[in-house]
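User: Hi! I'd like to understand the labels people put on residues. Could you walk me through some of them?

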Amino acid sequence: MDEITPKTILIVDDEADIREVLAIALMDMGYRTLEAENAPAAFSLFLEAAPEIVVTDIKMPGGDGIELLRKIKRENPETEVIMITGHGDMNLAIRSLKHDATDFITKPINVDVLDIALNRAIEKITMRRELQAYTHSLEQLVREKTQLQDHLASLGLMVGSISHGMKGLLTSLDGGLYLVASGLEKENLQRAREGCQAARETAQRIRKMVLDILYYAKERHLQCRPVPIADFVRTLADLIRPRVDGFGMTLAVQVAPDSGSMTVDADYLQAALINILDNAVDACLKEPHDQPPRIELTTAVQADTVMFKVSDNGVGMDHETRDRLFTLFYSTKERKGTGLGLFITKRIVEQHGGSITVESAPGKGSVFTVTLPKVPPAATAGATPEPETPKD
């Protein structure tokens, strides 16, 4: 690092002639100078201008230089203070060193001695800044190493979780294909249909897992455009309905035809809401119900916001599960889940400038509420909304 030369030095002395001589010498050395005739005026000027070097007399009317030194060091310990003393004040000069003065020079002031004291002060400032820069670089390296370790740990968890989940899905797929093959061989169409349904369900889960991995691996800039809210909700319902119907559940959808439009990345947002709906289906499958399993998807539109609410009458969640629900790799699905889905959902919702909340209790079902601005903030969206394509 290049040597750093402070530009401003504060001169403090009650004798105008000494201040003038010092100012001329320092300006010849390339410094800008500030001057004060006593300690109170000097401290006020110090607070205002924050010079890195102060040259002050020890004995002055209205407050001595040592007290000024102590006040300056309390305010900014890194300020270098050079004391000016008479030949009979050596004890005071030594005392000033105990209060962290950089150096002292005696009257009459020798310019060469002053230059040596200033060089010593500048050397301390330069070394301190180099040390600070080195410390900052070291801290940055530690942060980067920690982030890398966290990333590698997350990658390991993800690989393990995905491998575990994929193994279970492939086993389910093998089971479905076996039912298809044995049903066809024995001309048992019911068994073949059951096998097809099982294989279709597993294929949908594999597709969802692959999409979750892609969303996690690379954060995508939103490609926002105006989308009719009613059309968006109908498409969302069509995407989840095969899974809902396959288990004999009820899916109730409420959206007003005249809900207007919102500016979103439709594919990305649908993936997020599908994760919530998929969780609702799993929650309804976990235990027998006194009532038929039911999922509700409702939409409420206000002046500037859109709210999507997904309710189910499934098993519900305890407090600990709710708190960890959006944590990376946390899953309540055992072998069926990777712990990516709801983590990604939260990230997508927040990318749109929105928020997500959950209300749930064991045996009472769950309610997920996603609230979004109709138009995401430009900084959050990461892309200029595309104009709506005119319809013929």
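User: Why does Ala50 count as exposed?

Analyst: Good place to start! Exposed means over 50% relative accessible area, buried under 20%, and partly exposed in between (1.4 Å probe, protein chains only). Ala50 has 53% relative accessibility, so the label exposed fits. Before we go on, this is a predicted model, where local features need pLDDT of at least 70 and side-chain atom pairs count only at pLDDT 80 or more, while totals for chains, interfaces and linings use all residues. Residues are numbered from 1 along each chain as its sequence is written, and side-chain values use heavy atoms, leaving out hydrogens and water.

User: Where is Ala50 found, and what is its phi?

Analyst: Ala50 is in the loop between helix H2 (39–49) and strand E3 (53–57). Its phi is positive, about 50°, although Ala50 is not a glycine. Asp100 also has a positive phi, about 70°, and is not a glycine either; Asp100 is found in the loop between helix H4 (90–98) and E5.

User: How do you know which stretches are helices or strands?

Analyst: They are DSSP runs, numbered from the N terminus: helices (H or I) have at least four residues and strands (E) at least two. Helix H5, for example, covers residues 111–185 and includes Leu131.

User: Is Leu131 buried or exposed, and what makes you say that?

Analyst: Leu131 has a relative accessible area of 52%, so the label is exposed, by the cut-off I gave for Ala50.

User: Which peptide bond is cis, from Lys107 to which residue?

Analyst: The bond runs from Lys107 to Pro108, with omega near -5°. Pro108 is found in the loop between strand E5 (103–106) and H5.
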